[in-house]
Amino acid sequence: MELRIEPLLAGQLKDKITASAALGFGKHFTDRMLVADWRQGQGWYDARIVPYGPFQLDPAAAVFHYGQEIFEGLKAYHQPDGAIALFRPEMNLARFNRSAARLALPQVPAELFMDGLTELLRLEAEWVPDAPETSLYIRPALIATEAALGVKAARECRFFIILSPVGAYYPSGFKPLRILLEDQLVRAAPGGTGAAKTGGNYAASLLGAGEAKNRGFDQVLWLDALEHRYVEEVSAMNIFFVIDGRLVTPPLSETILGGITRDSLLWLAPALGLEVEERPVAVDELLDGARSGQVSEVFGSGTAAVVAPVGELGYRHELVRIADGEVGKLTRLLYDTLTGIQYGRVADKLGWLRKL
Ligand SMILES: *Cc1c(COP(=O)(O)O)cnc(C)c1O
């Protein structure tokens, strides 16, 4: 696929922000973006790298009305030898196209996604920050742009990738989360879109997240839609437990998004001498286990935080602490190992890094 590269004009270059503290998450964007359009019958056309800036879209575009959209999230990491590396990006492409299928959006060819991203990163390489634990967050997205209010899969769509330099997630060390078990609202139901990375899932999570914040919690722990009994995900992260010394996480299903961090931790754990179990975990088992100490660690996993330790669980009118609110040893070991691989400090034995 031909990729057109539009030159930047002198005034279009932004000041680069490099200090971790000033970066934050998803607040700053680089100079350029990748864009490509799709029309039914024609396929993908006009793949281009253009100056970062607003889109002009028809107010009737389907994405504004029916939420037909998907996205991805991955990072580029500065390596000790000065190279820039992606972490398992082929997993993001595969998931992107699974999400696309569920939302009746067109498949994005590997060539457009990977070659487009690679070229964009080459042009924007100076934007990959190199302060400790910083990275360049990559956000691919696909939206329905057809201007028509009839409810149907749009016949015109746009794919784009934007880049955002992000600071260290834990600038002053881990801070265990206080999470509220949500037994009324649900994130995902069988047959729904829970396993797809689509904006609607996030929109539907905001009310519960806001209520949890008002009650003094950081995030929500989502339970299954049918019985409100099994633990599924924490906010937009997968969830892990250390139970009787074993690493436990719920099995993937239609209601649990298959995280690439989750998958990577499941590969790494056995090599670190940890036994792994994918099985349902009920609220009762979690709360009883936290009280008795059998559940000794709880953490979320996702690209942004990598690993997010949980220190407290709220359920109805009860509050239960995990290991006295301390960060667990295995949580820390898994975090150090995975971030070590991503930043090139630990040998990449499973061949996960893709250097540009
Ligand atoms: C993105 C996401 C995750 C984490 O996936 P990673 O690939 O590890 O970043 C987990 N749950 C939900 C609902 C998500 O959207």
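**Entry 1: ligand contacts.** I looked up the polar contacts of the ligand (pairs of N or O atoms within 3.5 Å) and began with Lys-197, where an N or O atom of the side chain lies 2.7 Å from an oxygen atom of the ligand. The model is predicted, with local features requiring pLDDT of at least 70 and side-chain atom pairs pLDDT 80 or more, while totals for chains, interfaces and linings use all residues. Residues are numbered from 1 along each chain as its sequence is written, and side-chain values use heavy atoms, without hydrogens or water. For Thr-261, I found a side-chain N or O atom 2.6 Å from a ligand oxygen. At Ile-260, a polar backbone atom is 2.8 Å from an oxygen atom of the ligand. I noted that the protein covers 96% of the 380 Å² of accessible area (Shrake-Rupley method, 1.4 Å probe) that the ligand has on its own.

**Entry 2: ligand shell.** I then listed the residues around the ligand (a heavy atom within 4 Å): there are 14, of which Lys-197, Tyr-202, Glu-233, Thr-261 and Thr-303 come nearest. Strand β12 (237-243) and helix α6 (260-271) each supply at least two residues of this shell; both are DSSP runs (helices H or I, at least four residues; strands E, at least two), numbered from the N terminus.

**Entry 3: helix α3.** I checked the length of α3 (residues 89-102): its end C-alpha atoms are 20 Å apart, which agrees with the 20 Å expected for 14 residues at 1.5 Å a residue, the span being 1.5 Å times one less than the number of residues. Among its buried residues (under 20% relative accessible area, 1.4 Å probe, protein chains only) I recorded Leu-93, Phe-96 and Ala-100. After α3 comes Ala-104, with a positive phi near 55°.

Methods
Buried means under 20% relative accessible area, exposed over 50%, partly exposed in between (1.4 Å probe, protein chains only). A polar contact is a pair of N or O atoms within 3.5 Å; within protein, one must be able to donate a hydrogen and the other to accept it, and residues adjacent in sequence count only if both atoms are side-chain atoms.
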